[in-house]
Amino acid sequence: MSALANHAFAKMNGIGNEIVVVDLRDSNAGSKAAVTPEDARAVASPAGVPYDQLMVLQPPRLPGTEAFIRIYNNDGSEAGACGNGMRCVVRRLFEKTGQTAVTFETRAGLLNCWRGPAPDLYTVDMGAPKFGWQDIPLAEEFRDTRYIELQVGPIDAPVLHSPSVVSMGNPHAIFWVDDVNAYDLERFGPLLENHPIFPERANITLAHIVDRDHITIRTWERGVGLTKACGSAACATAVAAARLKRANRSVEITLPGGKLAIEWRERDGHVLMTGTADFEYEGRFDPALFANVA
Ligand SMILES: N[C@@H](CCC[C@H](N)C(=O)O)C(=O)O
């Protein structure tokens, strides 16, 4: 039987990024209570609780951490990072416990999160970005990942080309454009997400630098598709723009679902993401959802 059958969940969103939060720390099965890709797809089905990311809190593995968080995309694949999902987890936890700061373990490492700088805002220290081609990862060596050779469209008149690539615990490619709405991202997104240059696939973002303090983005998410917001893409874009010296290290990013404040901190190179998180409703998963899951 699935660890999720009849288990409580909270439906939330991080500026429109659809998030389901499940806390398995209290599960009788303890640390063995793992969510399978089939479970994750069953929850995402129309009869379930459709989401972009499923955030699963498992018992902590390291002293000083609140939980080990596993992050599933709605195609059942697992992600190392999800900025919007982290803010949702943090809001849910803080409202239940009164805590105001916490450390989680994720596949991408330890993440410190806190309430503030205003009562309705939550900040996640997303850690340090990585720029090495093996870290992103790319299938072949690129010594300079500020721009890589990749294009879609005719060779002599590419529609999109020369993205910056960054790992924020998950792989991101950022294409610099004048108007993020002028491209058919639903068409180009899947081609680029699955391009052989990205052996682990990639999140694909269109970014327009409005000025040194503002950037607008739209993202095709790996394992999901078009979303209203992708927090790690906002972080990757901010860092890539600063690296190109086209923006300041603190910027406001506008996404289809809302705004995020991103700071690439000078002191330690960590990226801080600040934004809201909204609670929608809560319930229990219908066990029938998992009837055909092994
Ligand atoms: N929505 C997320 C990113 C989720 C993970 C991504 N689809 C991946 O597979 O890397 C965010 O807010 O960061």
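Here is a quick tour of the domains, the cores, helix 4, the ligand site and a few backbone oddities.

This is a predicted model, where local features need pLDDT of at least 70, side-chain atom pairs count only at pLDDT 80 or more, and totals for chains, interfaces and linings use all residues. Residues are numbered from 1 along each chain as its sequence is written, and side-chain values use heavy atoms, with hydrogens and water left out. The chain is assigned two domains, and the largest nonpolar core lies between them because both give residues to it.

**Domains**

- Domain 1 covers 7-124 + 278-290, and domain 2 covers 133-269; the bounds come from an automatic or database domain assignment.
- Taken over C-alpha atoms, the centres of domain 1 and domain 2 are 24 Å apart.
- Their contact (heavy atoms within 4.5 Å) takes 18 residues from domain 1 and 19 residues from domain 2.

**Nonpolar cores**

- A nonpolar core here is a set of buried Ala, Val, Leu, Ile, Met, Phe, Trp, Tyr and Cys residues joined through side-chain atoms within 4.5 Å. Buried means under 20% relative accessible area, exposed over 50%, and partly exposed in between, using a 1.4 Å probe and protein chains only.
- The largest core has 56 residues, and the ones touching the most other members are Ile-69, Phe-104, Ile-253 and Ile-262.
- Helix 4 supplies the largest share of this core, with nine residues.
- Domain 1 and domain 2 both contribute, so this core sits between them.
- Leaving out residues up to four places away in sequence, Phe-104 has a list of touching residues that includes Ile-69, Met-86, Val-89, Val-90, Leu-93 and Cys-113.
- There's also a second, separate core of 21 residues, with Val-180, Leu-185, Phe-188 and Ala-202 among them.

**Helix 4**

- Helices (H or I, at least four residues) and strands (E, at least two) are DSSP runs, numbered from the N terminus.
- Helix 4 runs over residues 231-243, and its 13 residues reach 18 Å from first C-alpha to last, close to the 18 Å expected at 1.5 Å a residue. That expected span is 1.5 Å times one less than the number of residues.
- Of those 13 residues, 12 are buried, so helix 4 is largely enclosed by the rest of the structure.
- The buried ones include Gly-231, Ser-232, Cys-235, Thr-237 and Val-239.

**Ligand site**

- The ligand is surrounded by 15 residues, and the closest are Asn-17, Glu-221, Arg-222, Gly-231 and Ser-232; a residue counts as near if one of its heavy atoms lies within 4 Å.
- On the oxygen side, one ligand oxygen atom is 2.8 Å from a side-chain N or O atom of Asn-73, and a ligand oxygen atom is 2.9 Å from a side-chain N or O atom of Asn-170.
- A ligand nitrogen atom is 2.7 Å from an N or O atom in the Glu-221 side chain.

**Backbone oddities**

- The Gly-116 to Pro-117 peptide bond is cis, with omega near 15°, and Pro-117 is in the loop between strand 7 (109-115) and strand 8 (122-125).
- Ile-136 and Pro-137 are also joined by a cis peptide bond, with omega about -10°; Pro-137 is in the loop between strand 8 and strand 9 (151-152).
- Arg-201 isn't a glycine, yet has a positive phi of about 60°. Its relative accessibility is 23%, so Arg-201 counts as partly exposed.
- Lys-245 follows helix 4 and has a positive phi near 65°; Lys-245 is exposed, at 66% relative accessible area.

Conventions
A polar contact is a pair of N or O atoms within 3.5 Å; within protein, one must be able to donate a hydrogen and the other to accept it, and residues adjacent in sequence count only if both atoms are side-chain atoms.
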